[in-house]
Structures are given as C-alpha cells and as structure tokens.
Amino acid sequence: MVKPLAFKGDKKAKKRKAPSSRADEHPSTDNKSKDVAFDVQEDDSWVTADSPSDINGPIVIVLRSTPLTCIACDAGGKVFASELENIVDGDPATAEPHDVRQVWIASRIAGTDNIGFKGHHQRYLSCDSIGKFSARTEAMSPEESFVCIPSPDTPSTFNIKTARENFIYVTEDGTEIRGDADCISFNTTVYVRMQARFKPKLKASKELKAKEKISRKELEETVGRRLDDDEVRKLKKARVQGDYHEAVLDVRVKGKHDKYS
C-alpha cells in the first residue's frame, strides 16, 4: 500500500505510543529488530532511479527544460509541465515534488517491460495518436502503457517510449509536453525521482544494515554471558548471513566447554 505523500516543510505527525506494559519495560532483541525494520519501511526520502527495474511506486518525471519542470496533471486530467521548486543548485537529480499533482504512481504490467503512471486523481497518463497527453482514463490500454529506456549518454536518465514507438519530450521553452518525438535527443531525456523505500537495491541495503544493528549487550543477553570481540563479530556476521541461531548455539556450547576446561 502506498502511504500518503509527505513534502518538504510538512510537519510530521507525532505517533501515539501504546500504553506501556511490563513487556515494554524489558524490550527483547526481537522487538528492537522489528523497530529497525519499521524505520526502513517508513523511509520517504527521494532518490534517483538508476535502471528501469527501479521504477515503482511514487515518482516524479523530471523534464530537461529551463527552468526545470516535471510532468503533472490537474484534477480534470489536463497534463502540463509544472515548475519544480524543491531542487538544489538546478540539479535535476535532486528534485523533489512540492505538489501532489507532480507525483505519479508507477506500476509495472506483469510479464512485460511496460509501465503505467497513475495520477493523484486515480487516472492514468495517456498519449493519443497525435502525441497529445491527458490523464482521464481509469483503466489501462496500450495508450496508457510506456517503456522506460536507459539513456545511452547520461547515466541514471531515461527516454520514455509510447505505444506508438515515439518518445516523450518537452518543448525547449518548457511550455508543452508531447509524445511524438521520433528519435532520442536531449529534450527526450528525463530523470525519474522516486521514494527510496521502493528502490530495490537501496531497500535491500537498508534491510541489511537493519540486520547488522544489534548491540553487544543484546548479544550477551541472548547468549547468557559476556562475549569477546571475536564472538561479537561472529554473531553480527551470522545475523546478516541468516545462520544467527546456529551461531548463538555454537557460542553457548563454546562457553560451557571453556567453563569446565
């Protein structure tokens, strides 16, 4: 499920804490691990998509215009180029939305390379036979399907192809978005900004760090004795590799042997 979007400057709502219980007074290692995992899932920062397989969830399609704009639509389905405000030093790879109209939900069509873009009003981005855009359709058809092709010249950029084998582009003055370019050019090249929690590699990396995030005290409580540095490293490595419980048993057995030797 896609949660409501948050923008720069918005105040974050404080989460209510559940009534404390005796179990809360002595949190277990498992509970702490769940808290870390929850933090990973709640990451709503914006990053740049590097490959077509990254593109999923809330995105912003950044156009190469001056000033920088992105594809947006109003509640009536009119598609237009919306100027970006949240951007650092004019770098398109830092762009973030400031208006929900600038955000599309990308979803991949199963078994294909095609992607659909759904607007804030629950209608899909569509390109007709003459290259004109709108967003008034509730269901997907070929006109609502697009393919993101990595740019041959600039890493982490794309050229978005329509069902008619043409490309999306923005006019040089940034006033109109069209879908009838017959070849790749600077104006057809776009950046796709997305929420970090949907990016596969980043998500996997953060989940890996979450698994590593356990203190010596927690490990010692699990094993039931003090640990040396080598044992701590061994157990942390085992958490990442997936054989944590076996490693804990090995360390416990070693401790018993050392005790009676």
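In which helix does valine 253 lie? Select this residue in the viewer; the answer is helix α6, which covers residues 244–260. The model on display is a predicted one, and the tour below proceeds from this helix to other parts of the chain.

**First stop: valine 253**

With valine 253 selected, display its surface. Its relative accessible area is 42%. Valine 253 is therefore classed as partly exposed, since that class lies between 20% and 50%. Next, add valine 223 to the selection. The two valines are 30 residues apart along the chain, and their C-alpha atoms are separated by 9.8 Å.

**Second stop: helix α4**

Valine 223 leads to helix α4, which covers residues 216–223. Select Glu218, Leu219, Glu220 and Val223 within this helix; these residues are buried. A general point may help when viewing helices: an α-helix has 3.6 residues a turn, so residues three or four places apart point the same way. Then select glycine 224, which follows α4 and has a positive phi, near 95 degrees.

**Third stop: the whole protein**

Zoom out and show the cartoon. How many helices and strands does the protein have? There are six helices and 13 strands. The protein contains 261 residues, and 40% of them are buried. Consider also the contacts between residues at least 6 apart in sequence: 55% of these join residues at least 24 apart. If the surface is displayed, its accessible area comes to about 15,500 Å², and carbon and sulfur atoms account for 51% of that area.

**Fourth stop: the loop between β2 and β3**

Select proline 67, in the loop that links β2 (57–63) and β3 (69–73). Which kind of peptide bond joins threonine 66 and proline 67? The bond is cis, with an omega of about -5 degrees. For context, most peptide bonds are trans.

**Fifth stop: glutamate 83**

Proline 67 is also one of the residues touched by glutamate 83. Select glutamate 83, which lies in strand β4 (residues 79–83). Leaving aside residues up to four places away in sequence, glutamate 83 touches Pro67, Leu68, Thr69, His98 and Gln102. Of these neighbours, take threonine 69 and draw a distance: its C-alpha atom and that of glutamate 83 are separated by 4.2 Å, although the two residues are 14 apart along the chain. Is glutamate 83 buried or partly exposed? Its relative accessibility is 46%, so glutamate 83 counts as partly exposed.

**Sixth stop: aspartate 74**

Move to aspartate 74, in the loop between β3 and β4. Its relative accessibility is 23%. Because the buried class requires a value under 20%, aspartate 74 counts as partly exposed. Show its contacts next: outside residues up to four places away in sequence, aspartate 74 touches Phe80, Arg101, His120 and His121. Histidine 121 is 47 residues from aspartate 74 along the chain, and the C-alpha atoms of the pair are separated by 8.1 Å.

**Seventh stop: two positive phi values**

Select glutamine 122, in the loop between β6 (115–118) and β7 (124–127). Its phi is positive, about 65 degrees, although glutamine 122 is not a glycine. Most residues other than glycine have a negative phi. Glutamine 122 is partly exposed, with a relative accessibility of 47%.

Then select serine 156, in the loop between β9 (147–150) and β10 (158–161). Serine 156 likewise has a positive phi, near 60 degrees. Its relative accessible area is 21%, and serine 156 is partly exposed.

**Eighth stop: the cysteines**

Select cysteine 70 and cysteine 148. Cysteine 70 is buried, with a relative accessible area of 0%. Cysteine 148 is also buried, at 6% relative accessibility. A disulfide is a covalent bond between the sulfur atoms of two cysteines. How many disulfides does a search of the whole structure find? The search finds zero.

**Last stop: the cavity**

The tour ends inside the protein. The count comes to one cavity of 30 Å³ or more, and the space in the largest cavity is about 60 Å³. To see its lining, select Cys127, Asp128, Ser129, Ile130, Gly131, Glu143, Thr162, Ala163, Arg164, Asn166 and Gly179. Colour these residues by class: the lining has three nonpolar, five polar and three charged residues.

Conventions
Residues are numbered from 1 along each chain as its sequence is written. This is a predicted model: local features need pLDDT of at least 70, side-chain atom pairs count only at pLDDT 80 or more; totals for chains, interfaces and linings use all residues. Side-chain values use heavy atoms; hydrogens and water are left out. On a 1 Å grid over the protein atoms alone, a cavity is a set of points where a 1.4 Å probe fits but cannot get out, and a pocket is an open set with protein on both sides within 12 Å along at least five of seven lines; lining residues have an atom within 4 Å of a point. Grid points are joined across faces, edges and corners, and a volume is the space filled by probe spheres set on the points. Ala, Val, Leu, Ile, Met, Phe, Trp, Tyr, Cys and Pro count as nonpolar, Asp, Glu, Lys and Arg as charged, and the others, Gly among them, as polar. A disulfide is a pair of cysteine sulfur atoms within 2.5 Å. Buried means under 20% relative accessible area, exposed over 50%, partly exposed in between (1.4 Å probe, protein chains only). Helices (H or I, at least four residues) and strands (E, at least two) are DSSP runs, numbered from the N terminus. Contact means heavy atoms within 4.5 Å. Accessible areas come from the Shrake-Rupley method with a 1.4 Å probe; for residues, only the protein chains shown count as cover.
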